[in-house]
Structure formats: structure tokens, C-alpha cells
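Work through these exercises with the sequence and the 3D view side by side. Try each task before you read its solution.

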Amino acid sequence: MSETYHVETIETVETPETFAFTAENRKRAEAVIAKYPAGRQRSAVMPLLDLAQRQAGWLSRDAMDCVAGMLGMPPIKVYEVATFYTMYNLKPVGRLHVQICTNISCWLRGAPEIVRAAKDVLGVAFGETTADGAATLSEVECLGACANAPVMQVNDDLYEDLTYDTAKAVLEALLKGEAPPFGSQTGRRGSCPCKGATTLKELAGEHAAAESAPAPKAKTAKSAKAGKETS
Ligand code: FES
């Protein structure tokens, strides 16, 4: 069943232009391949697909064939990898690739509101690209930041702890070419409890005090030498 899906996915993509790595990316690809022992170069398939996608914006069949050729792999093995992971785009995407997680943690924390915000701003449904090619909207299953749900990824950046309003503001700013800060949109640090520490409060206090203390001065070569001589 899944094989039929894979073949259809590849066959229905519009005919791509010929793909070849730029000279710079070819060097990068060769450097990645060189990290693996002789005979194990196929292990470089994922970073090479990523490199091809960063160059072209998506993975055409020709790009996958190019990667297969460089790694001495049967093309079908590369298609299997590219069609398994959702981070590989098998058709062109807009300048902004907006991916919204609708998996359990995000859903329970308000993902439907984030979806509504994205649809209101972009005017497209999941799987569609705006008419001007500015953005593509995709639904994804877990972006690995469940503790900061609900989460949206735009290109390489994660926007976390979203609400309808903050998701809308982020997308509107991105469409204008601005660079709104990514990460938590409520200002909480990392994945700390959103209403402040609930356990280990003393430790949290000590940690906060240590963090607010002035950083020790870096040793100069002279002071380091003096310290060594007196020890
Ligand atoms: S469920 Fe949304 S990031 Fe994990």
C-alpha cells in the first residue's frame, strides 16, 4: 500500500529541471561523504538530500537520482528515504514553508487556533501554496517541541507557545520580510514551567542568582601564567 503511495507521489510531481549540485555544494557533499568509512557512503543519503533541497527548494526526482548517483545507490533506495520523512519536500514550496503541528500535545494546547490563524493570514489550506508563491502551509506530526506546544515551524525556525494572535503576528511579520524572534512567544525560558518553578524552587533560586551574578573575568595569558607560577 505504502509503495503505491510512494510511486504516485513521485510520478505526479511536475517534470523537474535537470538537477546538479553547484560546485560549492558538490564540495560540501563530498566532505559529508568523506565522514563515513569506505563502503558506507550510503549513510550520507539524508544530509545529501537536505543539501539538494536547500539548493533547489525541493527534491525533484532528478535531484534524488543525482544523490543516488553520487552515493552509488539504487534510486529506489533514495526515493524510499525521501518519501518517508516529511522534512523532504517532494514538490515546490513557497519562500516560507509554514508547518503546523497538529499532534496530541499541540492539539490539546490549541493547535486548531494556530491552524485558523495561518489560514486567515495565508488564505490557503494544508498542502497549498499562496498564489504569489510566498508561503506553503503544511500539517505535520510532532516537531519535537511538545513541551512548548502549540508549535509552528517556518523554514528552519520554531515558534512556540503560540496563540491565535501571536501566530498571526508572526506570520504577518514574516510575510513582510521581517524577522520576528523565534522560540517561545510568551517569553518563558526554554521549557521551564509556564507559570514559574513548581519544584526544586530553592535550587531554581540559586541558579537564578548565579546567572544574574557578573561573569568572572576571562584570564589573560599573563594572569594565567602568574597563577601557574604561584600554585
Ligand atoms: S505534539 Fe506538537 S511538537 Fe510534539
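**Exercise 1. Locate two residues in one loop, and say what sets each backbone apart.**

Step 1. Start with Pro 150, which sits in the loop between β2 and β3. Keep in mind that this is a predicted model.

Step 2. Look at the bond that leads into Pro 150. The peptide bond from Ala 149 to Pro 150 is cis, and its omega is near 0 degrees.

Step 3. Now find Cys 142, also placed in the loop between β2 and β3. Its phi is positive, near 70 degrees, and Cys 142 is not a glycine.

Step 4. Count neighbours. Cys 142 has 14 C-beta neighbours inside 10 Å, so Cys 142 counts as partly exposed.

**Exercise 2. Is Asn 155 buried or exposed? Work from its neighbour count.**

Step 1. Place the residue: Asn 155 belongs to the loop between β3 and β4.

Step 2. Read its backbone. Phi is positive, about 50 degrees, although Asn 155 is not a glycine.

Step 3. Apply the cut-off: a residue with 12 or fewer other C-beta atoms within 10 Å is exposed. Asn 155 has 12 other C-beta atoms within 10 Å, so Asn 155 is exposed.

**Exercise 3. Check the length of α7, then find how its buried residues are arranged.**

Step 1. Helix α7 covers residues 111–122, which is 12 residues. The expected span at 1.5 Å a residue is 16 Å. The end C-alpha atoms are 16 Å apart, so the two values agree.

Step 2. List the buried residues of α7: Ala 111, Ile 114, Val 115, Ala 117, Ala 118, Val 121 and Leu 122.

Step 3. Look down the axis. The buried residues of α7 fall within an arc of 160 degrees, so they line one face of the helix.

Step 4. Recall the helix rule. An α-helix has 3.6 residues a turn, so residues three or four places apart point the same way.

Step 5. Ask what covers the buried residues of α7. The cover includes β1 (96–101), α6 (104–108), β2 (135–140), β3 (152–154) and α8 (164–175).

Step 6. Move past the end of the helix. Just after α7 comes Gly 123, with a positive phi of about 70 degrees. Gly 123 lies in the loop between α7 and β2. It has 12 C-beta neighbours inside 10 Å and therefore counts as exposed.

**Exercise 4. Repeat the analysis for α8.**

Step 1. The 12 residues of α8 should span 16 Å at 1.5 Å a residue. The end C-alpha atoms are 17 Å apart, which agrees.

Step 2. Pick out the buried residues of α8: Ala 167, Val 170, Leu 171 and Leu 174. Seen down the axis, they fall within an arc of 95 degrees, so they line one face of α8.

Step 3. Name the cover. For the buried residues of α8 it includes β1, α7, β3 and β4 (157–160).

Step 4. Check what follows. After α8 comes Gly 177, with a positive phi near 90 degrees.

**Exercise 5. Describe how α3 and α5 pack.**

Step 1. Take the geometry. Helix α3 (residues 45–56) and helix α5 (residues 75–84) pack at about 70 degrees, with axes 11 Å apart.

Step 2. Classify the angle. Angles of 65 to 115 degrees count as roughly perpendicular. The helices α3 and α5 are therefore roughly perpendicular to each other.

Step 3. Find the contacts. Val 45, Met 46 and Leu 49 of α3 meet Val 78, Val 81 and Ala 82 of α5.

Step 4. Sort them by class. The contact of α3 with α5 has 6 nonpolar, no polar and no charged residues.

Definitions and conventions:
Residues numbered from 1 in each chain as written. Predicted model: local features only at pLDDT ≥ 70, side-chain atom pairs only at ≥ 80, totals over all residues. Helix = DSSP H or I, 4+ residues; strand = E, 2+ residues; numbered from the N terminus. Expected span 1.5 Å × (residues − 1). Buried ≥ 20, exposed ≤ 12 C-beta atoms within 10 Å, placed from the backbone. Arc of directions from axis to C-beta. Contact = placed C-beta atoms within 7 Å. Axes fitted to C-alpha atoms, helices over the stretch in contact; angles between N-to-C directions. Parallel < 35°, antiparallel > 145°, perpendicular 65-115°, else oblique. Nonpolar A, V, L, I, M, F, W, Y, C, P; charged D, E, K, R; others polar.
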